[in-house]
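Here is a short note for a colleague who is opening this structure for the first time. Please read the points with the model on screen.

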Amino acid sequence: MKKFKKILASPITTIAAFVLAAGLLLFSSIGGARAALTYFSDDYAANIQLQEIGVTLVENGAPAEGELLKGLLAEGEQFKPGVSYKEQLNVYNSGVINEYVRVSIHKYWLDENGEKIRTLSPDLIKLNLVNLGSDWLLDSEASTEERTVLYYNKLLNSQNETPLFADRLTIDGSVADHVSETKKTDGRYTTITTVYEYDGARFCIEARVDAVQEHNAKDAVWSAWGRRVTIDENGVLSLD
């Protein structure tokens, strides 16, 4: 595996980790639709440092170093709504101590001016979640239509990886159904203009991973993330 970048934080908590995103530019015309993939997220964010805690987002078996969805398309391939693409995500403990891990996923749409598009639902961006219940816990209290919060329910030992929490990405084909029409009559002629709501839009996915140390983990989770949890004698975490 390639060299991992470490996210470092205080011995009590790790606050921000990787902030990754990718955008899809969709262009439409009355005769059809064309799609091109573009990327707009650079680095990761990190908080104050000690060398012990480190977490890395892993994408399709390799550390996601600054760009998510980088290898989504083959060279020359065009992105197509409705098609399922491989997007396997999990977490690697790049620190030197054992950790409990949380992942926050944000999905939304932006227009060409960088403003959120409220008429396009984040649900149209379908990141297929896997291993829920057995390995990953969905925090329904913290999740919204735009944000999904997951907890790995076991202690993640140093230099080990979690099972996958996602495996496929699809943009719902019904995005093409979001259209509006205007009619203009001039004498004997009527002009009908069709506008696709996704015209000039880009979809965005951010995956943030952070961790707290094993020691006094229950209090650390509450301090860092404001979440009450139970950790049993086997180190298995459950949400209260």
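## Notes on the fold

1. Start with one pair of strands. Strand β5 (residues 85-93) and strand β10 (residues 166-171) run antiparallel, and three bridges join them. One of the residues to look for is Leu89, whose bridge partner in β10 is Ala166. Keep in mind that this is a predicted model.

2. Now widen the view. The β5 and β10 pair belongs to an open sheet of five strands, in the order β4-β3-β5-β10-β7. The pairing in this sheet is antiparallel. Which strands form the edges? They are β4 (62-63) and β7 (125-129), and each of them pairs on one side only.

3. Next, the whole chain. Its secondary structure comes to 15 strands and one helix. The protein chain has 240 residues, and 43% of them count as buried. The chain exposes about 12200 Å². Carbon and sulfur atoms supply 47% of that area.

4. Contacts across the sequence deserve a point of their own. Take the contacts in the protein chain between residues at least 6 apart in sequence. Of these, 73% join residues at least 24 apart. For a single pair that is distant in sequence, look at Phe79 and Ile171. They are 92 residues apart in sequence, and their C-alpha atoms are 9.5 Å apart in space. Phe79 lies in the loop between β4 and β5. Is this loop residue buried or exposed? Phe79 is buried, because its relative accessible area is 2%, and the cut-off for buried is under 20%.

5. Then the interior. In soluble globular proteins, nonpolar side chains tend to be buried together. Here, the largest nonpolar core has 36 residues. Which of its members touch the most other members? They are Val91, Val101, Val103, Trp109, Phe165 and Phe203. Several strands each supply at least two residues of this core: β3, β5, β6 (99-110), β7, β9, β10 and β13 (202-213). The largest share, five residues, comes from β13. There is also a second, separate core of 12 residues. Among its members are Tyr100, Tyr151, Val212 and Val221.

6. Asn93 merits a close look. It is in strand β5. Asn93 is buried, with a relative accessible area of 0%. What does its side chain offer to Gly95? A polar atom of the Asn93 side chain lies 2.9 Å from the backbone nitrogen of Gly95. Leaving aside neighbours within four places in sequence, Asn93 is in contact with Gly54, Asn98, Glu99, Leu156, Asn157, Ser158, Gln159 and Asn160.

7. One of those contacts, Gln159, leads to a backbone point. Gln159 is found in the loop between β9 (147-152) and β10. Its phi is positive, about 65 degrees, although Gln159 is not a glycine. Gln159 is partly exposed, with a relative accessible area of 46%.

8. Asn60 should be checked as well. Its place is in the loop between β3 (55-59) and β4. Phi of Asn60 is near 50 degrees, a positive value in a residue other than glycine. How much of Asn60 is accessible? Its relative accessible area is 30%, so Asn60 counts as partly exposed.

Key. Residues are numbered from 1 along each chain as its sequence is written. This is a predicted model: local features need pLDDT of at least 70, side-chain atom pairs count only at pLDDT 80 or more; totals for chains, interfaces and linings use all residues. Side-chain values use heavy atoms; hydrogens and water are left out. Two strands pair if DSSP finds at least two bridges between them. Helices (H or I, at least four residues) and strands (E, at least two) are DSSP runs, numbered from the N terminus. Buried means under 20% relative accessible area, exposed over 50%, partly exposed in between (1.4 Å probe, protein chains only). Contact means heavy atoms within 4.5 Å. Accessible areas come from the Shrake-Rupley method with a 1.4 Å probe; for residues, only the protein chains shown count as cover. A nonpolar core is a set of buried Ala, Val, Leu, Ile, Met, Phe, Trp, Tyr and Cys residues joined through side-chain atoms within 4.5 Å. A polar contact is a pair of N or O atoms within 3.5 Å; within protein, one must be able to donate a hydrogen and the other to accept it, and residues adjacent in sequence count only if both atoms are side-chain atoms.
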